[in-house]
Amino acid sequence: MAKVTRLTRQKRNKERVNVYLDDEFAFGVTMITAVRLRIGQELSDEEIAKLKIEDSYEVAKQTAMNFITYRPRSVSEVRKNLRGKSFDDETIEKVLNRLIELEMLSDEAFVRYWVDQRTTFKPRSQMALRAELLKKGVAMDAIDAVVSDVDETSAAQQAAQKQMSRWRFLDEETFRKKAMGFLQRRGFRFDIAKETTQLIWETIEAEREEE
């Protein structure tokens, strides 16, 4: 058994406490973990090991929460981030399950965010979106729950319209070649790419007649 002889808040991180056992520094823990400790308390090796495990969990949870603060993340992204910081797999899965339980982490929410961002800035087909999200480790059921609602015709038109300023002075043959290639690289089917190309070309022609 070892006796807790001193508890001091760390200078560099006020949210952590240094634990001294038998007048020697032993380890540091989060404030949440430290609240159960008191001067004079005796700890067994098993209790010390448990405290360290709990501390690792609390640190990993805070790390994950900081990571998801900036934007929604997929479960796979958070897992990868925590592994990169050398947390063990058991702790990582415990943190992930807790965040999911608290509805702070959701693959479906991440997919909605990803699709919204793509729709706004770089519209893509359902096929391209699925490929991107699968590459990020998102489960297919979460992907399908959101991506299946994407209007590909509208997305193709949005994608093409963003390029109009670059294409509007091209001759018809060059325009059609560039537009078709661009849309198919974004994953749109041939029929949608062709229909969209025709629509945009008609818009360009109409603008030229007005000039």
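Is Trp167 buried or exposed? Trp167 counts as buried, at 5% relative accessibility. Keep in mind that this is a predicted model.

## Two nonpolar cores

Trp167 is also a good way into the largest nonpolar core, which has 18 residues. Those touching the most other members are Trp167, Phe175, Leu183, Phe188, Ile200 and Ile204. Four helices each put in at least two residues of this core: helix 8 (152-161), helix 9 (164-167), helix 10 (172-185) and helix 11 (190-210).

Take Leu183: leaving aside residues up to four places away in sequence, Leu183 touches Ala156, Ala159, Ala160, Phe188, Ala193, Thr196 and Thr197. Another core lies apart from this one, with 14 residues, including Ala60, Ala64, Ile68 and Ile92.

## Rings meeting rings

There are five aromatic pairs here. One of them joins Tyr20 and Phe25, edge-to-face, with 5.8 Å centre to centre and 75° between the planes. Tyr20 counts as buried at 18% relative accessibility, while Phe25 is partly exposed, at 48%.

Trp167 and Phe182 have ring centres 5.6 Å apart and planes at 80°, so this pair is edge-to-face. Trp167 sits in helix 9 and Phe182 in helix 10, so the pair ties together parts that are 15 residues apart in sequence. Phe182 counts as buried, at 11% relative accessibility. Ring pairs also link Trp167, Phe175, Phe182 and Trp201 into a cluster.

## Charges over rings

Some rings have a charge for company. The charged end of Lys94 sits over the ring of Tyr57, 4.5 Å from the ring's centre. Over the ring of Phe169 you'll find the charged end of Arg168, 4.8 Å from the centre.

Terms used: Residues numbered from 1 in each chain as written. Predicted model: local features only at pLDDT ≥ 70, side-chain atom pairs only at ≥ 80, totals over all residues. Heavy atoms only, no water. Core = buried A, V, L, I, M, F, W, Y, C linked by side-chain atoms within 4.5 Å. Buried < 20%, exposed > 50% of the residue type's maximum accessible area, 1.4 Å probe, protein only. Contact = heavy atoms within 4.5 Å. Phe/Tyr/Trp six-rings, centres within 6.5 Å; stacked < 30°, edge-to-face > 60°. Lys NZ or Arg CZ within 6 Å of the ring centre and 35° of its normal.
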